[in-house]
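Here are some short exercises to work through with the model open beside you. Try each task before you read its solution.

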Amino acid sequence: MSLQPQDAQLDAKKRTRFNKLQKKLRRETGRAIADFNMIGEGDKVMVCLSGGKDSYTMLEILRNLQHSAPVNFELVAVNLDQKQPGFPEHVLPEYLEREGVAYHILEKDTYSIVKEKVPEGKTTCGLCSRLRRGSLYGFAEEIGATKIALGHHRDDIIETLFLNMFYGGKMKAMPPKLRSDDNRNIVIRPLAYCREKDIIEFSAFKDFPIIPCNLCGSQENLQRQVIKDMLNRWDREQPGRIENIFAAIQNIAPSQLADTRLFDFETLEEGQQRGGDQAHRLDVINLFG
Ligand code: SF4
């Protein structure tokens with residue numbers, strides 16, 4: 001992989017670190033794409049670019065993978081200009097043109113709608129994200145995109161799991177691939193296996209022209225911040241715990257939980273379960289059989 005001009009100044013040690021990090025992010029992204037069958041032959045992938053470190057990294061890694069992937073796919077970057085005061089409109093077009101990436105800038109004044117609808121002092125992120133999603137999903141259809149790629153990473157997924165458990169009474173996270181609520185689009189999260197700290201480091205190496213995400217004046221979601229702090233503390237004090245939590249998301253045993261919609265406890269005596277966890281039943285057989 002050739003280095004960008006700004007990378008030329010990196011000393012040898014930094015360059016080695018950069019190469020290692022880039023390889024790791026490529027490997028993890030490639031694995032997530034394969035595990036969830038995210039991108040297939042002929043797909044047109046709409047890469048949602050907010051101007052934050054995650055979406056820049058996603059675009060960069062997908063462009064890297066495009067050269068070596070066993071399938072041919074197209075990438076189109078799309079930014080939604082939500083008309084937040086002070087949004088530096090020139091930053092993304094300049095970057096994308098310099099990099100030779102096909103792109104669209106979609107303009108929708110969701111900022112005014114949010115300001116009008118949400119009472120002063122209330123958090124605006126819920127409505128803002130819904131409006132953003134709606135605009136982007138509609139636009140994907142317009143340009144014939146077959147996949148919509150979002151830049152959420154592994155830490156976002158784990159944070160969402162705890163947010164839902166602590167504040168929503170649900171055990172659910174954020175899937176690496178899903179069909180949108182309106183049924184019209186397939187949404188993918190190629191960075192699902194990547195750690196945020198690697199993305200932060202990669203983004204600093206690449207010196208992406210980051211657009212701050214607090215232009216709207218909204219406070220960062222307080223509950224998410226509490227979870228983030230908790231997970232960061234665990235990561236410092238209990239190495240391996242975050243990895244185990246993510247592994248757990250991929251290794252569910254419905255018969256060991258208590259959701260009657262997922263496992264048929266009712267007819268257990270009859271030995272005819274409607275659903276269940278084959279893997280766990282095999283474990284039980286191995287232990288007792
Ligand atoms: S921080 Fe601002 S731009 Fe981001 S989702 Fe919340 S309201 Fe929208």
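**Exercise 1. Locate Ile210, classify its burial and list its contacts.**

Begin with the location: Ile210 sits in the loop between H7 and helix H8 (222-237). Helices (H or I, at least four residues) and strands (E, at least two) are DSSP runs, numbered from the N terminus. Residues are numbered from 1 along each chain as its sequence is written. Bear in mind that this is a predicted model, in which local features need pLDDT of at least 70 and side-chain atom pairs count only at pLDDT 80 or more, while totals for chains, interfaces and linings use all residues.

Next, count neighbours. A residue is buried if 20 or more other C-beta atoms lie within 10 Å of its own, exposed if 12 or fewer, and partly exposed in between, with C-beta atoms placed from the backbone. Ile210 has 14 other C-beta atoms within 10 Å, so it is partly exposed.

Finally, find its partners. Contact means that two C-beta atoms, placed from the backbone, lie within 7 Å. Leaving out residues up to four places away in sequence, Ile210 touches Gly51, Gly52 and Lys53. Ile210 and Asp54 are 156 residues apart in sequence, yet their C-alpha atoms are 9.9 Å apart in space.

**Exercise 2. Check the length of helix H2 (residues 53-68) and find what its buried residues pack against.**

Start with the span. The expected value is 1.5 Å times one less than the number of residues. The 16 residues of H2 should therefore span 22 Å, and the end C-alpha atoms are 23 Å apart, which agrees.

Then look at burial: the buried residues of H2 are Lys53, Asp54, Ser55, Tyr56, Thr57, Met58, Leu59, Glu60, Ile61 and Leu62. They pack against helix H1 (12-35), strand S1 (44-48), strand S2 (74-81), strand S4 (147-149) and helix H7 (196-206).

**Exercise 3. Describe how H2 packs with H7, and how H1 packs with H2.**

Two packed helices are described by the angle between their axes and the distance between the axes. Axes are lines fitted to C-alpha atoms, for helices over the stretch in contact, and angles run from 0 to 180 degrees between N-to-C directions.

For H2 and H7, the angle is about 75° and the axes are 9 Å apart. That makes H2 roughly perpendicular to H7 (65 to 115 degrees). Here Lys53, Asp54, Tyr56, Thr57 and Glu60 in H2 meet Ile199, Ile200, Phe202, Ser203 and Lys206 in H7. The residues of this contact divide into four nonpolar, two polar and four charged. Ala, Val, Leu, Ile, Met, Phe, Trp, Tyr, Cys and Pro count as nonpolar, Asp, Glu, Lys and Arg as charged, and the others, Gly among them, as polar.

For H1 and H2, the angle is about 80°, with the axes 10 Å apart. H1 is therefore roughly perpendicular to H2. Leu25, Arg26, Thr29 and Gly30 in H1 meet Thr57, Ile61, Asn64 and Leu65 in H2. By class, this contact has three nonpolar, four polar and one charged residues.

**Exercise 4. Place Met174 and decide whether it is buried or exposed.**

Met174 lies in the loop between helix H6 (154-168) and strand S5 (177-179). Because it has 20 C-beta neighbours inside 10 Å, Met174 counts as buried. Apart from residues up to four places away in sequence, Met174 touches His152, Asp156, Ile157 and Thr160.

Notes:
Parallel < 35°, antiparallel > 145°, perpendicular 65-115°, else oblique.
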